[in-house]
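User: I am new to this structure and would be grateful for a close look at a single part of it. Please take the core and what surrounds it, and explain it in one connected account.

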Amino acid sequence: MTNAELLVDAFGRISGTVREAVNGLTTSQLAERLDRDANSVAWLLWHLSRVEDDHVAGAFGVPQVWAEYGKRFELPFPESDIGYGHSSAQVAQVTASADLLTGYQDAVHEQTVRLV
């Protein structure tokens, strides 16, 4: 297995796990937090996708997929925000449907595979 094949396999597992995590959940359920300082599933999947998008695009010197998807999420964060250091209040602002979360992850994954 080549390095590229290993990376494609690893990133493919992330993409598959995102789909499993949102399967059958409503937007409200995705935004639910077990306590006021916990991260929601929506925030975790948004953050996971943002980090992959930011880091892979940066490594290859290409635009992030977020430039195309960001407006759809309607978040009050700067375009460069990937979630590191978010407060509890900021975590609560990330709400998204399963389709939006998986659509963004799919687009990020597609770019990652193409670049790797």
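Analyst: The account below begins with the core and then turns to selected residues and to the salt bridges.

The model under discussion is a predicted one. Its largest nonpolar core has 21 residues, and those touching the most other members are Trp46, Trp66, Tyr69, Phe73, Leu75, Leu101 and Tyr104. Four helices each supply at least two residues of this core: H1 (3-22), H3 (41-60), H4 (66-73) and H6 (98-115). The largest share, 5 residues, comes from H6.

Tryptophan 66 deserves separate attention. When neighbours within four places in sequence are left aside, Trp66 is in contact with Trp46, Arg50, Asp53, Phe73, Leu75, Glu79 and Tyr104. Among these partners, Trp46, Phe73, Leu75 and Tyr104 also appear in the list of core residues that touch the most other members. Two further partners of Trp66, Arg50 and Asp53, form a salt bridge with each other, their closest N and O atoms being 3.5 Å apart. Both residues of that pair lie in helix H3, 3 residues apart, which is about one turn of the helix. Arginine 50 and aspartate 53 are both buried.

Helix H3 also holds histidine 47. This histidine counts as buried because its relative accessibility is 14%, and the cut-off for that class is under 20%. Leaving aside neighbours within four places in sequence, histidine 47 is in contact with Ile82, Gly83 and Tyr84.

Helix H6 offers a comparable case in threonine 102. Its relative accessible area is 6%, and threonine 102 is therefore buried. Not counting residues up to four places away in sequence, threonine 102 touches Val18, Arg19 and Val22.

One of those contacts, Arg19, leads to a second salt bridge. The side chains of arginine 19 and aspartate 106 meet at 2.4 Å, N to O. Arginine 19 belongs to helix H1 and aspartate 106 to helix H6, so this pair ties together parts that are 87 residues apart in sequence. Neither class of burial at the extremes applies here: aspartate 106 is partly exposed, with a relative accessible area of 29%, and arginine 19 is likewise partly exposed, at 42% relative accessibility.

The structure holds 3 salt bridges, and the remaining one to describe joins arginine 13 to aspartate 9, with the closest N and O atoms 2.9 Å apart. Both of these residues lie in helix H1, 4 residues apart, or about one turn of the helix. Arginine 13 is exposed because its relative accessible area is 58%, whereas aspartate 9, with 32%, is partly exposed.

Helix H1 contains leucine 6 as well. With a relative accessible area of 49%, leucine 6 is partly exposed, because the exposed class requires a value over 50%. The C-alpha atom of leucine 6 is separated by 11 Å from that of valine 113, although the two residues are 107 apart along the chain.

To draw these points together, H1, H3, H4 and H6 each supply at least two residues of the core. A salt bridge between arginine 19 and aspartate 106 ties H1 to H6, while the pair formed by arginine 50 and aspartate 53 lies within H3 and is buried.

Methods. Residues are numbered from 1 along each chain as its sequence is written. This is a predicted model: local features need pLDDT of at least 70, side-chain atom pairs count only at pLDDT 80 or more; totals for chains, interfaces and linings use all residues. Side-chain values use heavy atoms; hydrogens and water are left out. A nonpolar core is a set of buried Ala, Val, Leu, Ile, Met, Phe, Trp, Tyr and Cys residues joined through side-chain atoms within 4.5 Å. Buried means under 20% relative accessible area, exposed over 50%, partly exposed in between (1.4 Å probe, protein chains only). Contact means heavy atoms within 4.5 Å. A salt bridge is a side-chain nitrogen of Lys or Arg within 4 Å of a carboxyl oxygen of Asp or Glu.
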